[in-house]
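Q: Could you teach me how to read a structure, starting from one residue and working outwards?
A: Gladly; let us look together.

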Amino acid sequence: MREQLTRETTANVYLVLFSLSVLLNIFLLCQHFSFHSPSRPSSTISELSWTRRAAAEAEAVAAISCSGHGRAYVDGVLDNWRPTCECNTCYIGSDCSVLLSNCSADVDSGDPLFLEPYWMQHAAKGAVVLSGWHRMSYSTTDHFKSLELENHIRLLHAAVGNAITDGKYLVFGTGSTQLINALVYALSPENTSSPASVVATVPYYPMYKEQTELFNGRDYEWEGATAKWRNSNKTNFVEFVTSPNNPDCLLCDSVLGGSSVIYDHAYYWPHFTAIPEPADGDAMIFTVSKLSGHAGSRFGWAFIKDENVYNKVSNYLQYNSMGASRDTQSRIFNYVKVILAEIGSNADIFEFGFNKLRKRWQRLQALVNSSSRFSLQQLSPQYCTYFKKIRDPSPAYAWLKCENEEDADCAEVLMKGGIISRGGTKFGSSTQYTRLSLLKTDDNFEMLLQKFKPLVASSDENTSEISSF
Ligand SMILES: Cc1ncc(COP(=O)(O)O)c(C=O)c1O
């Protein structure tokens with residue numbers, strides 16, 4: 001009897017052990033396959049080896065305190081073998097803690113540093129580690145282009161709903177700046193007695209004129225504002241359409257309606273504008289500078305419908321630079337993946353950028369509207385297919401007009417008041433207008449408001465609300 005009991009107990013113990021072993025194996029198999037899914041590269045390394053020094057250096061430099069008014073970089077100027085702080089405008093000192101008195105607010109350039117805090121808040125997501133032998137070759141997965149970056153850019157446009165990319169070729173450029181001339185060249189007829197006229201609607205982004213004039217050749221020349229050509233019989237135009245426009249941030253379409261239109265959609269992302277529908281132009285330019293804020297990486301892309309135009313652009317890029325930097329492509333690949341993965345989460349870069357720019361616009365607008373000396377472009381709330389609601393304006397720039405006759409040169413008026421802006425004539429417009437960039441650091445923006453207050457207060461009709469901004 002006792003013997004039988006012992007045998008049964010032993011059998012039960014074996015059964016339990018066997019069941020546990022089966023369960024353990026199932027668990028280990030699940031672990032194995034979940035870590036080896038295609039979306040998650042396998043990692044059998046439990047301890048880092050050769051990346052440790054670089055990672056430690058990156059973190060040590062990022063930890064250097066620049067008082068929130070600057071930052072240190074691994075390749076910054078060294079002092080005692082340690083990179084020094086690079087301070088925001090108006091701040092000085094080894095830790096950028098000293099605010100200069102009488103410093104002008106610099107809101108001239110479109111430097112997209114408003115997104116810097118996003119990447120600081122999500123430091124782990126933004127970090128990229130490259131080996132010393134990373135893509136040393138001239139060629140990458142698709143000649144000069146990373147195929148996976150191309151795939152992810154197309155996925156991003158589909159997810160944001162800002163462009164139709166199916167059936168269009170994609171080219172990468174060293175910033176969209178490189179693609180501006182590449183497309184002008186490709187859309188201009190060759191060996192013709194009448195060169196293409198390159199035009200844009202006032203106020204236009206100055207680079208179109210500057211670059212076209214720099215390269216003015218046999219096949220194309222800068223012919224100024226579309227308004228001049230609206231009723232002419234002339235054909236052969238290459239028209240730039242910037243939508244939303246730089247500097248007034250309005251959504252725009254072609255004025256001349258010709259066949260060669262270059263749509264510059266640098267700002268057609270939800271942080272700057274409502275997205276009413278996906279763009280579907282035959283030649284569309286985008287840039288990472290205004291998407292993720294990485295202007296220093298110099299990366300832009302263009303979708304091109306026509307195969308001949310695509311071939312000509314590809315030739316141009318081949319002879320001009322042999323394609324966009326492979327290191328840059330790797331870095332941008334990471335940012336595009338992060339942006340895509342975080343859509344709709346609380347780390348959504350579009351939500352972050354939109355909130356920041358909307359607040360800036362509202363504060364500036366309230367200040368400007370408190371007097372009749374200045375006015376701003378009219379922007380209205382609009383339905384956005386990305387946020388799926390009517391959303392307030394959040395423009396990249398304020399297109400400021402000086403309303404008084406005695407303030408004939410608006411940029412000059414601001415300059416005297418300690419604000420560096422970009423005058424209207426640069427955009428083919430009049431001196432009555434000037435552009436204020438809302439894309440720079442918080443320090444730049446706060447200084448802008450500080451300097452703007454007395455300009456508004458010096459007008460007759462100011463209200464008592466001003467002190468609250
Ligand atoms: C309308 C427009 N297009 C193109 C660019 C150039 O961008 P990237 O940095 O890609 O050369 C800018 C930059 O401010 C811009 O405003």
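Q: Which residues does V313 touch?
A: Two residues are in contact if their C-beta atoms, placed from the backbone, lie within 7 Å. V313 touches V171, A182, L183, A186 and I304, leaving out residues up to four places away in sequence. This is a predicted model: local features need pLDDT of at least 70, side-chain atom pairs count only at pLDDT 80 or more, and totals for chains, interfaces and linings use all residues. Residues are numbered from 1 along each chain as its sequence is written.

Q: Which residues have the most contacts inside the largest nonpolar core?
A: In soluble globular proteins, nonpolar side chains tend to be buried together. Here the largest nonpolar core has 104 residues, and those with the most contacts inside it are L183, A283, M284, A302, V313 and L438. Such a core is a set of buried Ala, Val, Leu, Ile, Met, Phe, Trp, Tyr and Cys residues joined through C-beta atoms within 7 Å; buried means that 20 or more other C-beta atoms lie within 10 Å of a residue's own.

Q: Which residues of α5 are buried?
A: An α-helix has 3.6 residues a turn, so residues three or four places apart point the same way. In α5 (helices are DSSP runs of H or I, at least four residues, numbered from the N terminus), the buried ones are L149, I153, L156, H157 and V160. Seen down the axis of α5, they fall within an arc of 95° (taken from the directions from the helix axis to the C-beta atoms), so they line one face of the helix.

Q: What covers them?
A: The cover over the buried residues of α5 includes β8 (169–173), β14 (300–304) and α10 (326–341); strands are DSSP runs of E, at least two residues.

Q: What follows α5?
A: Next comes G161, with a positive phi near 80°.

Definitions and conventions
Buried ≥ 20, exposed ≤ 12 C-beta atoms within 10 Å, placed from the backbone.
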